[in-house]
Amino acid sequence: MNYRIIYIIIFLIFCAQTSFAQQPFTFAKTDEPVSVWKALACDILPGGGHIYTGYYEYAAIFAGLKISGVYAIYYYYNYWHYRGSLYRSAKKANQAIDPEHDLLFKDPEGGYKTVKEFGYAYDRAAHYFTLSIVANAAIYVTSWLFTWYHVQDINENRQPTYVGFNNFTVTTDKQGTMWVACTMRW
Amino acid sequence: MNLNIKSIILFLAIALATGCLHEPVDEEYYNDISKVKGGQKPTPPVNLSMTIYSHVITLRFETDTGATYDPDTGSNENLYYLVYISATDPANFTDPKLYYDIRYYVGYVAETDFEEGIDPKIVTIQISSSYHGPVYLWMTSHDGGRESDHSTVISGYIP
């Protein structure tokens, strides 16, 4: 276990303790418009923006997706380095044992591979790492879009209401004709 | 569920997640013959000779002299014999890997295809009737994982 894992464990235990304390909290006054920028800033944390806007089911979903996404990045970063080390080791060993033949080395994931095939697996691992970053970006953008939409939705309901009313005025002139005037105010 | 149990579950989940990670191997990881398919490489057939008659090459070679074997099994029962042929002298190959290149590979026979203990072993190769010129021929052994060094190269001429 290296120092990065220890840092992650300490961070997550700290988060768990603060979350499990069950203390009431309020992010925004209900009678004031919600700040889009604050909501988006909060959404950098897993589920933060959705907790800020009060959409807890979205918070749970996006928190799960973001934590999984960050783990996927870390996992595939390690996997990329791992495949790279296998490739370099196989290349060196092939050169040392029998440089005239393409030897088949036992792949820890099963089967046998030549140095060239180890190279392909190394490239694939790099693609997985890239894809995990792209997927995380997509999750973050989607989460921000939902947060932004929810903020708009909340603020729309919190706009001051303009009360409209109608005023009918009924008058009669000398010839006995009745006039009706309608005034609408908003 | 109190905080301690939740913390334990969280810790176990993290341990499971980190346990799935791959640690890079060191550069000497594959410098171990047990991780190479086939282990030690076999030795090639010996005493190759050929005769050419009407675009048919009759190749003779020996494998039961004791010189052709797989060091991992100590015998030649599991060996295959690969035949390579070229119209140019392989001595002029710029890369020794070309001795084992697919473009010169003709085919293979297995030790078990022949009667046990009988030498020389004979195979025939039909050459296209449109070809006229030199032919160079060599063989290797294969144990299912590794290929031997090439045998001596023999040559002939198709008139």
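Trainee: What share of the 186 residues of chain A counts as buried, and what makes a residue buried?

Mentor: The share is 23%. A residue earns the word if 20 or more other C-beta atoms lie within 10 Å of its own. Please keep in mind that this is a predicted model.

Trainee: What pattern does chain A follow along the sequence?

Mentor: Chain A reads α-α-α-α-β-β-α-β-β, which comes to five helices and four strands. As for its contacts with a separation of 6 or more, 52% of them involve residues 24 or more positions apart.

Trainee: Let's try the burial rule on single residues. Why is L79(B) called buried?

Mentor: L79(B) has 27 other C-beta atoms within 10 Å. The cut-off is 20 or more, so a count of 27 passes and L79(B) is buried. L79(B) is placed in the loop between β2 and β3 of chain B.

Trainee: Which residues does L79(B) touch, leaving out those up to four places away in sequence?

Mentor: They are P42(B), D70(B), E111(B), S141(B), H142(B) and D143(B). As for G107(B), 28 residues away along the chain, its C-alpha atom is separated from that of L79(B) by 14 Å.

Trainee: Why does N47(B) count as partly exposed?

Mentor: N47(B) has 16 C-beta neighbours inside 10 Å. Buried needs 20 or more and exposed needs 12 or fewer, so 16 falls in between and N47(B) is partly exposed. The same test can be run on H55(B): with 15 neighbours inside 10 Å, H55(B) is partly exposed too.

Trainee: What is the phi of each of these two residues?

Mentor: Phi of N47(B) is near 55°, and phi of H55(B) is near 60°. Most residues other than glycine have a negative phi. N47(B) has a positive value without being glycine, and so does H55(B). N47(B) is found in strand β1 of chain B, while H55(B) is in the loop between β1 and β2 of that chain.

Trainee: How do you know that the peptide bond joining D119(B) and P120(B) is cis?

Mentor: Look at omega: the value is about -5° for this bond, and the bond is cis. Most peptide bonds are trans. P120(B) is found in the loop between β4 and β5 of chain B.

Trainee: Now the sheets. What makes β1 and β5 of chain B edge strands?

Mentor: The open sheet of three strands has the order β1-β2-β5 in chain B, with antiparallel pairing. β1 (46-53) and β5 (121-126) each pair on one side only, and that puts them at the edges. The twist in this sheet averages 20° from one strand to the next.

Trainee: How do you know that β2(B) and β5(B) are paired?

Mentor: Strand β2 (residues 56-62) and β5(B) share six bridges in the antiparallel sense. Pairing needs at least two bridges, so six is enough and the two strands pair. One bridge to look up is that of I57(B), whose partner in β5(B) is I125(B).

Trainee: Which strands stand at the edges of the four-stranded sheet of chain B, and why?

Mentor: That open sheet has the order β4-β3-β6-β7, again with antiparallel pairing. β4 (105-110) and β7 (154-158) each have a single partner strand, so one side of each is left without a neighbour in the sheet. Here the twist averages 25° from one strand to the next.

Trainee: What makes β3(B) and β4(B) a pair?

Mentor: Five bridges join β3 (residues 80-86) to β4(B). Set against the required two, five is enough, so they pair. Among the partners, Y80(B) is matched with A110(B) in β4(B).

Trainee: Which residues touch the most other members of the largest nonpolar core?

Mentor: A90(A) and F105(A) do, in a core of 17 residues. The elements giving two or more residues to this core are α4 and α5 (115-157) of chain A, and α4(A) gives the most, with eight.

Trainee: Which contacts does F105(A) make beyond four places in sequence?

Mentor: F105(A) is in contact with A90(A), A93(A), Y112(A) and K113(A), and with Y30(B), K35(B) and V36(B) of chain B.

Trainee: How many residues does each chain bring to the contact?

Mentor: Chain A brings 32 and chain B brings 28. On the chain A side, α4(A) gives the most, with 15 residues. That side divides into 21 nonpolar, six polar and five charged residues.

Key:
Residues are numbered from 1 along each chain as its sequence is written. Chains are lettered from A and ligands numbered from 1 in the order in which they are written. This is a predicted model: local features need pLDDT of at least 70, side-chain atom pairs count only at pLDDT 80 or more; totals for chains, interfaces and linings use all residues. Axes are lines fitted to C-alpha atoms, for helices over the stretch in contact, and angles run from 0 to 180 degrees between N-to-C directions. Two residues are in contact if their C-beta atoms, placed from the backbone, lie within 7 Å. Ala, Val, Leu, Ile, Met, Phe, Trp, Tyr, Cys and Pro count as nonpolar, Asp, Glu, Lys and Arg as charged, and the others, Gly among them, as polar. A nonpolar core is a set of buried Ala, Val, Leu, Ile, Met, Phe, Trp, Tyr and Cys residues joined through C-beta atoms within 7 Å.
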